[in-house]
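Colleague: I am new to this structure and would be grateful for a close look at a single part of it. Please concentrate on the salt bridges, and describe the elements around them where that helps.

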Amino acid sequence: MAPAGLVPAQLEAPMQALCRVASELALTIARGPLGGALGAEVGSNTDGDNQKALDVMADEAFAAALPGTGVRWYASEERDTVEPIDPDGQLALAIDPLDGSSNIDVNVSIGTIFSIRPAQDGAEESFLRSGREQIAAGYFVYGPMTALVVTFGDGVLTFVRDPKDGLFHQSGGKLTIPEQSSEFAINASNYRHWSKPVRAYIDDCLQGDEGPRAKNFNMRWVASLVAETHRILSRGGIFLYPSDGRPGYEHGRLRMVYECAPIAMLVEQAGGRATTGRDPLLDQSPNQLHARTPLVFGTPDKVDRVTAYHDLPEQEVSALFGKRGLFRA
């Protein structure tokens with residue numbers, strides 16, 4: 001079910017398992033309410049986020065498919081601790097089994113994000129390491145089509161699930177983020193909570209062709225990281241989920257191990273940039289399994305501009321914000 005001949009030998013078995021479960025999930029998701037109350041809240045995970053029925057279903061299905069694939073450690077956003085799978089396995093797999101679950105009931109694209117690393121002797125030790133140690137990363141997006149977007153460290157490949165046979169077939173060559181785009185993605189309702197560099201960047205975008213960017217922008221926000229990533233890999237642009245002043249958001253909200261590190265690897269392999277707003281995301285090492293981080297990624301020149309705003313001295317940022325700001329905190 002995984003693309004034959006394009007997957008490193010040690011990753012064939014886990015990729016087959018992931019593709020098999022994703023194909024089955026695509027059918028479940030496509031049935032919507034006919035398959036049960038997939039969006040019903042059934043509890044909360046270790047960080048207090050609400051879990052949907054499909055979150056738990058997906059997590060259990062992926063975990064059940066991995067024995068015998070060479071995966072020693074399984075870390076899921078939906079679990080408090082790392083689970084052992086194959087005692088002699090050489091791989092560690094981190095997964096967000098169902099990203100964007102708040103969109104289940106409104107028929108918006110959702111997905112699965114995964115990351116594969118070399119296994120260490122310690123369970124958490126395998127994941128509390130630099131994102132540069134990932135050997136594969138990818139996501140499945142369940143939308144009008146179900147697709148697998150994946151990197152094994154040599155570019156980004158896309159595979160589309162054919163509903164006729166349930167298999168993933170390669171679509172096109174290596175994927176590269178377009179250099180030119182006039183789209184940005186951010187939850188603008190949190191404007192008043194952002195830092196001045198982030199507000200200054202968005203203010204510049206909102207001033208359009210009369211502002212310092214000298215072009216008109218469109219804003220996009222889906223609230224599904226997989227959907228946002230898929231759009232940017234296809235059309236370019238920039239995605240921002242910064243830290244902000246709200247309690248619990250001081251270090252960002254997205255999880256480094258399960259979401260940000262794999263997305264960052266994909267983005268860099270496609271010729272883009274992925275940062276914390278200041279520093280390359282893949283150079284960071286989480287201090288705990290469910291550590292959160294700010295995330296800014298997309299077309300290099302746009303991401304670099306955000307970094308430049310953060311690098312300005314405080315007084316210069318304040319002056320910039322005061323001069324260009326369209327809104328007031």
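Modeller:

**Salt bridges and their surroundings**

The protein chain has 7 helices and 17 strands; helices (H or I, at least four residues) and strands (E, at least two) are DSSP runs, numbered from the N terminus. This is a predicted model, in which local features need pLDDT of at least 70 and side-chain atom pairs count only at pLDDT 80 or more, whereas totals for chains, interfaces and linings use all residues. Residues are numbered from 1 along each chain as its sequence is written, and side-chain values use heavy atoms, with hydrogens and water left out.

Some totals give the setting. Of the 329 residues of the protein chain, 55% count as buried; buried means under 20% relative accessible area, exposed means over 50%, and partly exposed lies in between (1.4 Å probe, protein chains only). The protein chain exposes about 13,700 Å², of which carbon and sulfur atoms supply 48%; these areas come from the Shrake-Rupley method with a 1.4 Å probe, and for residues only the protein chains shown count as cover. Among the contacts in the protein chain with a separation of 6 or more, 61% are between residues 24 or more positions apart, a contact being heavy atoms within 4.5 Å.

The structure holds 16 salt bridges. The term denotes a side-chain nitrogen of Lys or Arg within 4 Å of a carboxyl oxygen of Asp or Glu. Three of these pairs are described here in turn.

In one pair, D59 forms a salt bridge with R79, and their closest N and O atoms are 2.8 Å apart. The partners are 20 residues apart and link distant parts of the chain: D59 belongs to helix α2 (residues 53–65), while R79 sits in the loop between β3 (71–76) and β4 (83–84). D59 counts as buried because its relative accessibility is 5%.

Another pair is formed by the side chains of R235 and E183, at 2.7 Å from N to O. R235 lies in helix α4 (residues 225–235) and E183 in strand β11 (residues 183–185), so this salt bridge ties together parts that are 52 residues apart in sequence. R235 is partly exposed, at 42% relative accessibility, whereas E183 is buried, at 10%.

A further pair joins D304 to R273, whose closest N and O atoms are 3.0 Å apart. Because D304 lies in helix α6 (residues 300–311) and R273 in strand β15 (residues 273–275), parts 31 residues apart in sequence are tied together. Both partners count as partly exposed: D304 has a relative accessible area of 33%, and R273 has 35% relative accessibility.

Salt bridges that share partners also join E183, R220, E228, R231 and R235 into one network. E183 has further neighbours: leaving aside residues up to four places away in sequence, E183 touches F217, N218, R220, R231, R235, G236, G237 and I238.

The helix that carries D304 can be described as well. Helix α6 has 12 residues and reaches 16 Å from its first C-alpha to its last, close to the 16 Å expected at 1.5 Å a residue; the expected span is 1.5 Å times one less than the number of residues. Within α6, the residues P300, K302, V303, V306, T307, Y309 and H310 are buried. An α-helix has 3.6 residues a turn, so residues three or four places apart point the same way.

The strands that carry E183 and R273 belong to an open sheet of 5 strands, in the order β12-β11-β13-β17-β15 and with mixed pairing. Two strands pair if DSSP finds at least two bridges between them. The edge strands are β12 (218–220) and β15, each of which pairs on one side only. On average, neighbouring strands of this sheet are turned by 15 degrees against each other, direction ignored; the axes used for this are lines fitted to C-alpha atoms, for helices over the stretch in contact, and angles run from 0 to 180 degrees between N-to-C directions. Strands β11 and β12 run parallel and are joined by 3 bridges; F184 has M219 in β12 as its bridge partner.

Another group of strands offers further context. Strand β6 (residues 110–118) is largely enclosed by the rest of the structure, because 8 of its 9 residues are buried. Strand β5 (residues 91–99) runs antiparallel to β6, with 7 bridges joining the two, and A94 stands opposite S115 in β6. Strand β7 (residues 136–142) is likewise antiparallel to β6 and joined to it by 7 bridges, with V141 in β7 as the bridge partner of G111.
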